[in-house]
Amino acid sequence: MYHLYHCVSARSFRPLWLLEELQQPYTLHLLPFPPRALQRSYLELNPLGTIPLLLHEQVKLTESAAICEYLAALHPEPQLSVSPHESGFAAYLNWLHMSDATLTFPQTLVLRYQHFEPPERRHDDVAQDYARWFLARLRAVEAAVSASDWLCAGRFTAADVAVGYALMLADFLGLLPQAGPATQAYWQRLQQRPAFARARQAEQAAAMAQGVDSTPSPLLRPFG
């Protein structure tokens, strides 16, 4: 049984979505955002206070793209991973790492300096710079999905889940309309996957059952 610690629509959505794609049993633990401030007991499990956190037997993982790689490798039957013997292996690894380090990272700074900081600490110029950075990097996605429905190996993989979350965050931030047409069509394909819908439903049901605000984390405005 997997135990996933998650905030609604945060980066932990990547492993939640992938667990649904793999149809693996899991327990979903919903946390208020940010948990390091609003649920201090969580620091006993993850001293950084970040999400996600995946617990599996003796394994503890805290990086969303790494969790996707781990899960897809452990459950190869649906072919959501790419093996070293396939021609798409290098691209698969590159997209997994790019999804967070290159695509999600600048968006977190847009969130921080446009919405999450107190008014006196906000910097619209910084937020706009990082929004432009994200959109420039998104051109790599546009090129890839202009040539194929999916990012690598000619099929849907965990890399699409990982990059798909970056597009989900861009949608929350209002950046996606500035993406190219192939990227926007790709995002529509991702949202049509049944496992994506199940993951959205699972987080909403868990939030209600566990008494956690069901507002997507990127839409929270702690200082109004």
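**Crossing of H1 and H3**

I looked up the handedness of the crossing between H1 and H3 in this predicted model, and the crossing is right-handed. I then took the geometry of the pair. The helices pack at an angle of about 15°, with 9 Å between their axes. An angle under 35 degrees counts as roughly parallel, and H1 and H3 are therefore entered as roughly parallel to each other.

I listed the residues at this contact. From H1 they are Arg14, Pro15, Leu18, Leu19 and Leu22, and they meet Ser64, Ile67, Cys68, Leu71 and Ala72 of H3.

**Cysteines**

Cys68 of H3 is in that list, and I went on to the cysteine sulfurs. How many disulfides does the structure hold? I found zero. For Cys7, the closest cysteine sulfur is that of Cys68, and at 16 Å it is too far for a bond. Cys152 is in no disulfide either; the nearest cysteine sulfur to it also belongs to Cys68, 12 Å away.

I checked burial for two of these residues. Cys7 has a relative accessibility of 0% and counts as buried. Cys152 is buried as well, with a relative accessible area of 4%.

**The buried side of H8**

I turned to helix H8, which spans residues 181–191. Which of its residues are buried? I noted Ala182, Thr183, Tyr186, Trp187 and Leu190. They cover an arc of only 140° around the axis, so they sit on the same side of H8. The general rule I set beside this is that an α-helix has 3.6 residues a turn, so residues three or four places apart point the same way.

I also looked up what the buried residues of H8 pack against. The partners are helix H1 (13–22), helix H6 (139–147), helix H7 (158–172) and H9. H1 thus appears in my notes twice, since it packs with H3 and also against the buried residues of H8.

**Start of H9**

H9 covers residues 194–210, and Pro194 is found in it. Is Pro194 buried or exposed? Pro194 has 55% relative accessibility, and because the cut-off for exposed is over 50%, I entered it as exposed. I noted one long-range pair here: Pro194 and Glu21 are 173 residues apart along the chain, yet their C-alpha atoms are separated by 8.2 Å.

**Cis peptide bonds**

Most peptide bonds are trans, and I wrote down the exceptions I came across. The bond from Phe33 to Pro34 is cis, with omega near -5°. Pro34 is placed in the loop between strand S2 (26–30) and helix H2 (35–38).

The bond from Ile51 to Pro52 is also cis, with omega near 10°. Pro52 lies in the loop between H2 and strand S3 (53–56).

**Positive phi**

Most residues other than glycine have a negative phi, and I looked at two that do not follow this. Glu57 has phi near 55° and is not a glycine. Where is Glu57? I found it in the loop between S3 and strand S4 (59–61). At 71% relative accessibility, Glu57 counts as exposed.

Gln79 is the other entry, with a positive phi of about 60°. I placed Gln79 in the loop between helix H3 (64–74) and helix H4 (89–116). Its relative accessible area is 45%, and Gln79 is therefore recorded as partly exposed.

Notes. Residues are numbered from 1 along each chain as its sequence is written. This is a predicted model: local features need pLDDT of at least 70, side-chain atom pairs count only at pLDDT 80 or more; totals for chains, interfaces and linings use all residues. Side-chain values use heavy atoms; hydrogens and water are left out. Helices (H or I, at least four residues) and strands (E, at least two) are DSSP runs, numbered from the N terminus. Buried means under 20% relative accessible area, exposed over 50%, partly exposed in between (1.4 Å probe, protein chains only). The arc is that of the directions from the helix axis to the C-beta atoms. Contact means heavy atoms within 4.5 Å. A disulfide is a pair of cysteine sulfur atoms within 2.5 Å. Axes are lines fitted to C-alpha atoms, for helices over the stretch in contact, and angles run from 0 to 180 degrees between N-to-C directions. Angles under 35 degrees count as roughly parallel, over 145 as roughly antiparallel, 65 to 115 as roughly perpendicular and the rest as oblique. A crossing is left-handed if the near helix is turned anticlockwise from the far one by less than a right angle, and right-handed if clockwise.
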